[in-house]
Structures are given as structure tokens and as C-alpha cells.
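Reader: I am new to this structure and would like to go through it step by step. Could you show it to me before I ask about its parts?

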Amino acid sequence: MQSSVWIIDFGSQYTQLITRKFRELGFTSEIMTVEDGLEKLKTQKPKALVLSGGPQSVFEDKTDYAPFLDQEDLPIMGVCYGMQILGQFYGGKVEKGIQGEYGLAKIKTVNGFKIDGCPSETDVWMSHSDHVSVLPKDFKLVIQSENGLVAGILHEKRPILGIQFHPEVHHTIHGKEILSYFLNSIARLKADWSSKTMLDSSLETVKEVKGKKVLCAFSGGVDSLVAATLTHKVIGSDMHCFFVDNGLLRPQDLHTIKLLQDKTDLNIEIIDAKDLFLNALAGQKDPEQKRKTIGKTFIDVFEAKVHEYEKNHGIKFDYLLQGTLYPDVIESISPHKKGGKSVTIKSHHNVGGLPERMHLKLLEPLRFLFKDEVRQMGMELGLKRDWVYRHPFPGPGIGVRVLGELTVDHIRKVQESDQILFEELKENNLYDSTWQAFTVLLPVKTVGVKGDGRVFEEVIALRMVNSQDGMTASVTELPWSFLNKVSSRICNEVKGITRVVYDITSKPPGTIEWE
Ligand code: XMP
């Protein structure tokens, strides 16, 4: 989606929140690197420009910002590092900070500056060490931090605002009012984002493949479900959904898939590959090896099915439908990702290897949406709330929730305990109070007493976390009575389990999954 508000991303972890907040205010925006922005500027002109925060220092930045900043009438907002760029470019002074300001801070508006809906003193989120120490020419100080530092500058004649703190972060209580002030009062833009535009532009993407055959690697999760429903609306039976039953699913997953097969018009084929996966994984204990085997087997199963369609039904697929979301797109264009190397914590299982192997083009109608927008779209498309608000479930499924070797008995223990947890969360109306909830089988045995006898059996760990996007997570605090009930049911109903523990580790340092 092309937008007339350009956000130049300098690598702040919060950049995508600017887009999110802009959308909540009814405006689209497009995130890009400074190189891409400068290139694009040769043929197009934005209606407004945002310079994001970033971890670097203006003292090392050799970029020539003149093509952007010399445009007299272009509305510009610099956030954090972006404000320091403004400070330096327009002739002020930026100083290296000795201490910096990090976390919650208080600011006050000065020199008669007022923003609708924002009191003159308020709490904001700061994260900087360098700061503007001398105002650039023609700018006035409009916001000051409690430490007496420059926290906001406004050009006297041109539509330019600099903000040292992060209005996009939710800890900045009146951040939305500040962003709205920029969009409405400084840039004077017309709102252009609504759930209707969101649906229309996603449908447009699908319309481009009308008449082609589309294959969907269907997982039953919200992203693939909404992407498939949307695509089906446009191309109907030209889309085929393949769901691979790898034997590592929870009862609730199969239940949902069968419901979707029954209750929607989607053409979903369930491929039973349980034995294939179990054989491929036999004897494997190492988490990375297991992840890779699951990923490879998935691709093998898929490829075989695609060939079968070609041979038996004369259907040759042109496109692979993927539920890629905007955070993945931003991640792949992030300045860090482009040049830098990131450490692999886990080899994520996804369908990434499929398109090249099978010469499929990608169809990604959700690539400009955030998860909550996908859910909203799912509801608008008439899908049931329970389907759209399911917790995330990883591709390798129970494969990474049995620590160590996967056997039929180990898988059963996780399936049965997970089902108890799921039933109790639903029964007690707690399903929506946690972002993800599951059980893990630990490869240890402990002594217990059942009836009058000694037992020596395995342990189930409960993992329930709150998170926004899975990048960080905190432990969900659930009532003891609930935890007691779940523990008691698991020990009583799942054969071979005598002990239940509750994982109280945040991410970082623990990851959400145990493997
Ligand atoms: P971690 O364990 O990395 O998990 O903290 C973060 C989120 O990602 C999910 N996850 C996966 N999702 N394929 C997926 O589709 C995978 O291989 C995978 N591994 C972890 C995890 O469930 C959590 O929501």
C-alpha cells in the first residue's frame, strides 16, 4: 500500500507503533529506510514526513538530509533521534549525553504551546542520551523535560515539529493527541484509513490473481484463516487449502479445522501425515534438529500433494497464499536486518522454503496489516469470534512442547493436559485474559503418591503469558483456585503425570516455548 505519509525508519524498536497509532487516528503511512526514501523522492513527493527514533548518534551520521529537509512546505515530525537530526540540520547544536533520559519522565509545555486534549504537564516515555542543547534557527522551545532539557521544538514559520520523547509508545499518556496534532494541525492531512479501506485494499491484492490457481498452506490460525476467507471471496474454488495433520496438534486444533471444513465454504483438504512425521522424528532429542525435521517433512508432504494435484487433477498452482503481516514486512526492511546479522534463537517453522522449490509466486493480502486489524477484518468477513481470537500456536506444535524425544505416549500427555487447561480457561472465562496458554511435558520423573502407592512419573509445566507480539512476554497472573483445579485435573486424568508446575519466567530471559 502506497501512502503519502512516509516514516523514515532509523531502527527504533517503536517505529511500527507510529504506523499503528496513525491508523488508529485514521491515517495511512509507509515505513521505509532513509536510502529507499531518498530514492523514492526522485519520482514522488510525500505529503508528510516522519523521522523515527534510532539507536545511532548524529555525530556518526553522514547522510545528506537536504533533499527531505530543504523542502519549504513539507510537514515534518522528528521523533527522538529524528528530532536530533532536525536540530543538527537546521543549525542548532546536539550534545552527547552523559546520563541520558530513559523510561518514564515528566514534561511540560512552555511558551504558550498547547495541544488539544493534552495537559501542560504529563508523563512520557524517553529513551535517549544525546540531546538538542542549542535550538536551531527559527525554532522555538515548546516542550521541556523535568530535567530542564529540550523535549519539543516547533518551527516558527514552517510545519516542522521535533519531539525528544516517544509519543507512539503507550506509556506516553497523551501520545495520541500529540500525533494527532501533527497530522491534523501541522500537516493538515485528510484521514484516509478505515476498516473499509483496509478490506478494499486487501481485496484489490487478491483481484490481481483472478483466474489463477492458488494454494494455501492452511494452519487454522487467524492469519491463514482470514487470508483464505478473503481470497475465497474473490477467486472461490480456484483456491485449495491444504492442512497437514502432523500428529503434533492439540484436540482443539483438529476440532477447529473440522468445524471450518463444515461451516465455511473453504475448500480444505486434511492431509494425514501423522506416521510420516513420527517416523522422521524418531530418536531425535535436540530441539533444533526436531524443528528442522518438522519443517523439512512439512515441505516434503506439501510438495508430494502438489505433484499429486498436477498428475491426478491437472491442477497446476501459480500462487502460494501466505498470511504474512506488516510486522514481518517491517522486520525484513529494518536497517539492522538489511546490513546486519542476527543470531538464530530458534529455527522457526514456516512455509518459507515452499515458493522457491515449487516455483510459486507469493500472494500476501495481509502484508500491510497488524494482528488486531486482521482479527477485525476476520469479524467483518463474518468469521466466528472464537476462530478469530484463538491463541497463537507454533508450526512445530507439540513437537516443541515435549522436551526431548517425541513418542506417541509423550504426545498424548501433552494433548490431554492441554485440553484440560483449554477447557478450564474457557469454563472460567479466562481464555481472553492470557495471550497464549499451553502445557509442556518435562523429561524428568519425580516421586509421588497415588492412592496408597508410590509412583515415579513425569511432570507437566503450565505456561501462560501476556504479550503483544511474542517478542517479549510476562507471566499471566491467574487465580490460585484456577491453577489448583487445573493441576488437580491433570494429575487425576492424565495417565503418567503426578506433578504440575507453573513456569513463572518472563521473556527475556526465557523464550515463550521451552524448545
Ligand atoms: P518463542 O518461543 O520464540 O515464541 O519466545 C514466540 C512466539 O512464536 C511462537 N513460535 C513459533 N511460531 N513457528 C511458528 O509459527 C515456530 O517455529 C515457532 N516457534 C515459536 C510461539 O508459540 C510464541 O507465540
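Reader: In what order do the 5 strands of the open sheet lie, and which are the edge strands?

Author: In this predicted model, the 5 strands of the open sheet pair in the parallel sense and follow the order β14-β13-β12-β15-β16. From one strand to the next, the twist averages 30°. A strand at the edge pairs on one side only, and that is the case for β14 (268–272) and β16 (361–363).

Reader: Which residue of β16 is the bridge partner of Tyr319?

Author: Strand β15, which covers residues 319–321, is joined to β16 over 3 bridges, and the two run in the parallel sense. Within this pairing, the residue of β16 that bridges to Tyr319 is Lys361.

Reader: What angle does the direction of helix α7 make with that of β13?

Author: Helix α7, made of residues 222–235, packs on the sheet, where it touches β12 (214–217), β13 (239–245), β15 and β16. Taken against the direction of β13, the direction of helix α7 makes an angle of about 155°.

Reader: Which helix gives the largest share of the largest nonpolar core?

Author: The largest nonpolar core has 47 residues, and Phe302, Met464, Phe482 and Ile490 are those with the most contacts inside it. Both domain 2 (195–388) and domain 3 (401–503) supply at least three residues to this core. Phe302 is also in contact with residues beyond its neighbours within four places in sequence, among them Leu215, Phe242 and Met358. The largest share of the core, 7 residues, comes from residues 287–313, that is, from helix α10.

Note on methods: Residues numbered from 1 in each chain as written. Predicted model: local features only at pLDDT ≥ 70, side-chain atom pairs only at ≥ 80, totals over all residues. Heavy atoms only, no water. Pairing = 2+ DSSP bridges. Helix = DSSP H or I, 4+ residues; strand = E, 2+ residues; numbered from the N terminus. Axes fitted to C-alpha atoms, helices over the stretch in contact; angles between N-to-C directions. Contact = heavy atoms within 4.5 Å. Core = buried A, V, L, I, M, F, W, Y, C linked by side-chain atoms within 4.5 Å. Buried < 20%, exposed > 50% of the residue type's maximum accessible area, 1.4 Å probe, protein only. Domains from an automatic or database assignment.
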